[in-house]
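Hello, and thanks for passing this one along. Please have a look at the sequence and the structure first; my notes come straight after.

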Amino acid sequence: MSAAQSNGPDFPFWSFSTELYGRPGVAPAALALQDRFGCDVNLLLFAIWAARCGVVLGPSEFLRLDEAVGPWRARIVEPIRGLRRALKTEPLGAAPESAGECRRALLAAELAGERAAQELLARTLPMNAPAEAAIDCELARANLKAYLTFRGIQSASAEQYAEPMLSAL
């Protein structure tokens, strides 16, 4: 994917991710994998995106992807997410309206950071997106399992958390 394709207002991986993430059960499953197992939601979505593109991902691909996005995730996305979540439970004396306004601004910044992370992933491992392709669920399952294995997660419960993502396909 060229920089022009990935940086446009609506590049294919981002469109795919936002649509999939909005399906019933996907967001809670992805967030559970993030919060309980330390998974990167963008890499989970990229694993499914790769399946849509007919691409098998293994340890070397996940290493490249993680090395590309890891610094951005650690220095930008996670701190913004932490601040947003902290404001939800600890408004630190701020008026509820002010805390809510700040949380909304942080959410917008977090989403912009997630989109930038997806652009990094798309540039790191370019794929040609088929116009209207069905997703090979077994390939998606294999890519998700490969990501969990890459993360060192050998847990049946982690795979169960991933199941709603696959069911939404």
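The points below deal with salt bridges and with one helix pair.

1. A friendly reminder to begin with: this is a predicted model. Its salt bridges number 12, and I pick out a few of them here. As general background, side chains of opposite charge can pair when their charged atoms come close.

2. Let me start with D66 and R73. The two form a salt bridge in which the closest N and O atoms are 2.9 Å apart. Is D66 buried or exposed? With a relative accessibility of 19%, D66 counts as buried, because the cut-off for that class is under 20%. R73 is buried too, its relative accessible area being 17%.

3. Next comes the pair E119 and R115, a salt bridge whose closest N and O atoms lie 3.5 Å apart. Both residues sit in helix α6 (residues 96-124), and their spacing of 4 residues means that about one helical turn separates them. E119 is classed as buried at 13% relative accessibility, and R115 is classed as buried at 16%.

4. A further salt bridge brings together the side chains of E163 and R141, with an N to O distance of 2.8 Å. Which parts of the chain does this pair link? They are distant ones: E163 belongs to helix α8 (residues 156-167) and R141 to helix α7 (residues 137-150), and the two residues are 22 apart. E163 counts as partly exposed, at 29% relative accessibility. R141 also counts as partly exposed, at 32%.

5. Which residues are joined into one network by salt bridges that share partners? They are D40, D66, R73 and E78. The D66 and R73 bridge from point 2 is worth viewing together with this network of D40, D66, R73 and E78.

6. Now for the helix pair. Helix α4 (residues 41-52) and helix α5 (residues 59-89) have axes that come within 11 Å and cross at roughly 145°. The α4 and α5 crossing is right-handed.

7. What makes the contact between these helices? From α4 there are L43, F46 and A47, while α5 supplies F62, L65, D66, V69 and R73. Sorted by class, the contact of α4 with α5 has 6 nonpolar residues, 2 charged ones and no polar ones. D66 and R73, listed in this contact, are also the partners of the 2.9 Å salt bridge, so when you inspect the helix pair you will meet these two buried residues again.

Definitions and conventions:
Residues numbered from 1 in each chain as written. Predicted model: local features only at pLDDT ≥ 70, side-chain atom pairs only at ≥ 80, totals over all residues. Heavy atoms only, no water. Salt bridge = Lys/Arg side-chain N within 4 Å of Asp/Glu carboxyl O. Buried < 20%, exposed > 50% of the residue type's maximum accessible area, 1.4 Å probe, protein only. Axes fitted to C-alpha atoms, helices over the stretch in contact; angles between N-to-C directions. Left-handed = near helix turned anticlockwise from the far one by under 90°. Contact = heavy atoms within 4.5 Å. Nonpolar A, V, L, I, M, F, W, Y, C, P; charged D, E, K, R; others polar.
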